[in-house]
Each structure stands twice: as structure tokens, then as C-alpha cells.
Amino acid sequence: MKQTGKVALCGLLAALSTVLMLAAYFPYLTYAIPALAGILFIAAVIEAGVSWAFGAYVATAILVFFLAETEAKLMFICFFGFYPILKCLIERLRIRLFEWVCKFACFNACMLLIYGLFTVLLGVSISEFEPWGIWGAVAFLAVGNVVFWIYDIAIGRVAQLYMARLHPAVGRILRRK
């Protein structure tokens, strides 16, 4: 693909992801919208490569930092925005068990970072999990791991669907040879 095609595609995906993140201002979409906005970078990874996709993520993260709702922007910047790109790199390891260990380690580290940022920026504390206290936070993280496992599988299926349905058309549009 030509450089201009890569720039156009990544710019379009960054803009679309940024606009999608604005929907996080609606109640109950705080976690779903960052997850959907990050999935858009699958197309950038497939069509332009990891470095271009990461550049599109950085551009989006900068815009989202200034425009999006606080919780959603933290979720996007600290995990959901870059995870589909990172997933591509992790899956090059070719040892399934090690891949999953890396994925879950990344998820849990990012969620702990996000919780730490919530504590500092939003004033959320462990007392918010009352009456369960620390066990409520542990249970919340455990459920998050199950949802992450489903999300990871969904990203893989979306990538397969993209390759089967959209990749040939995008290639024609961008004049791939």
C-alpha cells in the first residue's frame, strides 16, 4: 500500500474512533464505547501494519484526552485503545499458553493502573465497594477477566470477518497491487 493510502486510512480510523468516543458521554456506555473504538484499529494493523496502527492510536489518544468523558478516556488510553494492536504482537509468540499469560498479565496490570488513576483523579476508594470491601474489588476484577477473555476472542473473530469481507474491498479502494 502506498504511504498516502496508509495516512488516509489511519487518519480516517483515528477520526472515527475519536467521534465514537464522544458517545461515551451517554450513560452506561463508559466501558463499551472504548472497547468498540479500539477494535477499529484492527483494520489499521491489517492494512498498514503495527507501527501505523500505533500512530493512529496515539493520535486518537491525544484527541480523546481533551474531548472524551473521564472514565471512558482512561479506559481507552490505558487499555482498550492499544490492546487490539498489542494482541497482534502477542499472538506472534506462537505458544498459546504463553500468549494467554501475557494477555491476562497485560489486562490485569492495566486495570490496576486504571483503578489507581481513578483513585487519584476521581477520588474513588476501596470504600466504594462496601459492603464487600476489598473482596468486592477482587470479585470485580475476576469478572473483568472473564469479560476480557470474551473480548479477546471477539477481537479475533472481528479480524477474521474483516479479512473475509472488507479486506479485499479496502485493498481495491486503496489500489493495492
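Which residues does F104 touch, not counting residues up to four places away in sequence? F104 touches N145, F148 and W149, where contact means heavy atoms within 4.5 Å.

This is a predicted model, in which local features need pLDDT of at least 70, side-chain atom pairs count only at pLDDT 80 or more, and totals for chains, interfaces and linings use all residues. Residues are numbered from 1 along each chain as its sequence is written, and side-chain values use heavy atoms, with hydrogens and water left out.

F104 lies in helix α7 (residues 96-122); helices are DSSP runs of H or I with at least four residues, numbered from the N terminus. F104 counts as partly exposed because its relative accessibility is 24% (buried is under 20%, exposed over 50%, partly exposed in between, with a 1.4 Å probe and protein chains only). In sequence, F104 and N145 are 41 residues apart, yet their C-alpha atoms are 7.4 Å apart in space.

Helix α1 (residues 3-22) has end C-alpha atoms 29 Å apart, which agrees with the 28 Å expected for 20 residues at 1.5 Å a residue; the expected span is 1.5 Å times one less than the number of residues. Among its buried residues are L9, L13 and M21. The cover over the buried residues of α1 includes these helices:

| Helix | Residues |
|---|---|
| α2 | 32-39 |
| α3 | 41-48 |
| α4 | 50-67 |
| α5 | 70-80 |

The contact of α2 with α5 is made by P34, A35, A37 and G38 of α2 and A72, M75, F76 and F80 of α5.

Note on methods
Helix = DSSP H or I, 4+ residues; strand = E, 2+ residues; numbered from the N terminus.
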